[in-house]
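This report describes the fold of one chain, from its overall contacts and dimensions to its domains and one sheet. The structure under discussion is shown below.

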Amino acid sequence: MKKLWLVLVLLCLSFAPGPAFAVQPGEILSDPALEKRARELSVELRCLVCQNQSIDDSNAPLARDLRLVVRERLVAGDTNDEVMRYVVDRYGEFILLRPPLRLGTLLLWITPLVVLAAGLAWIMVAWRRRSRVTVEAKAAPLTDAERKALENLLEGR
Amino acid sequence: MIVETGHYALVLAFALCLVQMVVPLWGSLTGDRTLMAVAAPVSLMQFALVALSFAALTYAYLVSDFSVLNVIENSHSQKPLIYKISGVWGNHEGSMLLWVLTLSLFGALVALRAKRMPEDLAATALSIQSWVLGAFLLFILLTSNPFARVGAPPMEGRDLNPLLQDPGLAIHPPLLYLGYVGLSITFSFAAAALIHGRIDAQWARWVRPWTLIAWMFLTVGISMGSYWAYYTLGWGGFWFWDPVENASLMPWLAATALLHSALVMEKRDALKIWTILLAILAFSLSLLGAFLVRSGVLTSVHSFANDPQRGVFILAILVFFIGGSLSLFAFRVQSLKQGGIFAPISREGALVFNNLLLTTSCATVFVGTLYPLALEAVTGDKISVGPPFFNLTFAPLFVPLFLAIPIGQLLAWKRGDILGAVQRLAFAVGMAVVAGLILAFARGEPVLSVLFAGLAVYVIVGAFIETWGRMTAGGYSPALMWRRAIGLPLSQWGAAIAHAGAGVTLFGLAATGWGVERIVGMKPGDNVNLGPYTVTLEDVERRKGPNYVETAAHMTIREGGVVVGKLDPSRKFYAHRSMTTTEAGLRTIELGQVHIVIPEQNSDGSLDVRLYWKPYVTLIWIGSIFMFLGGGVSLADRRLRIGYARRPRQPKGQPAPAPAE
């Protein structure tokens, strides 16, 4: 595992002499509508040898190959979904930057909702409990130090 | 010798931490004032020693002392002065030293103000701060010694990673650390309050300025980092939802929530449990960020120290402090009494709503960042969670938040009138609609950009409705309005400016939808249309810099035949590291920018060129400056001024001046 990361890091360093250069002029499709779709799909696909870059951003040769694959499929007349399925069949779900909703990723997708709902529930409970206690909470008596500070303040006036 | 002095100073600082960890804490528990009095001077001494240590390392960099391993690995005698200095923290060991320097700085600042706080609270907080400082000093001394020498010094160093040879490195980490580490003080105060079981509005008043300072620096730190990535990473992006970016965003979201909940605690003595918990969480997320960045458990473009041993050490620090503070919290939570009562529709209610959404978004980032790691550990499945996920989950949380900002500002404490607030916002809504229509007409698609820009205008205008209302309450004569404006509490102006800043940033984000991108091969003499402009490649030049060779393209930007600017984007080749970086050509025109990168020179002499026209893009960062300024103005408010308990000095026999309100 550790080695794998090391290899990945080294791969990226060798491909990415610093920044990334993404789509090159030669790759662009002549049909602007298809090219637009190609770009939309590219930002959803991970460059597999890089650290958190989409193939749209990456200049790694593998990312370039994938961009070309996406464009090939589009030119061949695939729908966006078909292209994605084609890519996932070959590279696995790891390539999707937006993980699909399934059992394993359920928790990921519902987290915002769960946290929001739990927070709301907590607020409701706290508020109802509070409004039942109508008596004003008695302020804690002052400590000696506080009383002294208060006297000082009052003297100052 | 100087280098050894630095190392020794660090060891001494650690020894002082050991004293500080026990003596003032014991004093505060037993009520021994002599023991408590130790805290402030020891904190100042710690800062002096860590600063000395930092200065020693800086000196080693300045004179290019290649007998120090850290200098060999990250410096070069021919490097420009600014990068010799910023190179000090451009590596793992040095950045840890900056981290402890900031930790001790905040300790020292609190020590200077300690006289104005209850002495047991100050002593305990300084003691807790030393626990944190001590842990990180030990980490440096045991695993990441920046002062290690080598037996046979080389003639020349290996130079700093060229990506880091940028003014960004001089600015971004120090600002970010002031923010990250500034939250440690809030944490220390929270732990101290829990230890003494005295958690009240007064506590919030002492702690809020520190949170505000940390938040201000975190805001600009993140924003400057984003701008740095924008102009160096070469593809015009400014936020990548990278784990390291997320690691800085989480404490920011928590700190923003804390800032608002502490306000409720200060004014109304309510939300106490929650505020204390947030104070603990905010710094815990800072620690988590440090762990994520330095352990290398998550792959990121930023990670620079993938050493498992260090990772385990930081993990231990993380577990100790988060576990310890949360246990303390659990132990005390029963004894906490709830304070002020309020209706759901009230200023407090609005701030609770703010906290709910900010906390949810923070949890979303947290889960999104760590989920792949957890899933792989549990099921072995590898998934990616990238920008599409975060963009999709963030927008629904932030839209209601932005909608609520101006409303919340107009609600009264305890019981508010939402209908009245909405009515008072009619002008802001009107402005938003007008702006939306103008933009829809002038710029058109995408619809989302128009909507978000409209929302931004509503937030910006709405932010000032309250202050405007108060200014004009006595009529519209300019002199009177001016007098009333300066009479308003500064914290109110601060809030308005900061909220407007959030709107400004939102506008910049919305406008990215109107950007134009061109990717073309160009030869000298070629023209490209880029939105309203025409860009010409004049010629290509090779030049030699101090430690690099560069290929620069001279480009001219014209609008309707008139030259509006010249750019020379370049590629730099650093021989010492055999690395290439690209320097984007940036020209700010009004609030937008033309951004040109030359990724590649082809064999036939043509250049691959990426050109962007990004209207209003600078607003993204300008907004953060407004947020920073808003924080500063608020900090200057006399009621918030750190430790404002001091009696005002006044000549005898004269009546005290009336309070400003």
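In chain B, 74% of the contacts between residues at least 6 apart in sequence join residues that are at least 24 apart. The model is a predicted one. Of the 661 residues in chain B, 53% count as buried.

**Overall form**

The secondary structure of chain B comprises 21 helices and ten strands. Its radius of gyration is 27 Å, close to the 26 Å given by the globule rule for 661 residues, so chain B is as compact as a globular protein of that length. The C-alpha trace of chain B spans about 80 × 75 × 65 Å along its principal axes.

**Domains**

Three domains divide chain B: domain 1 covers 2–366, domain 2 combines 390–513 with 623–635, and domain 3 covers 516–614. The centres of domain 1 and domain 3 of chain B, taken over C-alpha atoms, are separated by 39 Å. To the contact between these two domains of chain B, domain 1 contributes twelve residues and domain 3 contributes 15 residues. On the side of domain 1 of chain B that touches domain 3 of chain B, four residues are nonpolar, five are polar and three are charged.

**The four-stranded sheet**

An open sheet in chain B is formed by four strands in the order β1-β10-β9-β8, with antiparallel pairing. The edge strands in chain B are β1 (516–522) and β8 (585–589), each of which pairs on one side only. Neighbouring strands of this sheet are turned against each other by 15° on average, with direction ignored. In general, strands of a sheet pair through backbone hydrogen bonds, in either a parallel or an antiparallel manner.

The pairings made by the two edge strands are set out here.

| Edge strand | Partner strand | Bridges | Direction |
|---|---|---|---|
| β1(B) | β10(B), residues 607–614 | Seven bridges | Antiparallel |
| β8(B) | β9(B), residues 592–601 | Five bridges | Antiparallel |

Individual bridge partners can be named for both pairings. Ile519(B) has Arg610(B) as its bridge partner in β10(B). For Leu586(B), the bridge partner in β9(B) is His595(B).

Which residue takes a positive phi in the hairpin of β8(B) and β9(B)? The hairpin has two residues between its strands, and Glu590(B) takes a positive phi near 50° there.

Definitions and conventions: Residues are numbered from 1 along each chain as its sequence is written. Chains are lettered from A and ligands numbered from 1 in the order in which they are written. This is a predicted model: local features need pLDDT of at least 70, side-chain atom pairs count only at pLDDT 80 or more; totals for chains, interfaces and linings use all residues. Two strands pair if DSSP finds at least two bridges between them. Axes are lines fitted to C-alpha atoms, for helices over the stretch in contact, and angles run from 0 to 180 degrees between N-to-C directions. Domain bounds come from an automatic or database domain assignment. Two residues are in contact if their C-beta atoms, placed from the backbone, lie within 7 Å. Ala, Val, Leu, Ile, Met, Phe, Trp, Tyr, Cys and Pro count as nonpolar, Asp, Glu, Lys and Arg as charged, and the others, Gly among them, as polar. The radius of gyration is taken over C-alpha atoms; the globule rule is 2.2 Å times the number of residues to the power 0.38. A residue is buried if 20 or more other C-beta atoms lie within 10 Å of its own, exposed if 12 or fewer, and partly exposed in between; C-beta atoms are placed from the backbone.
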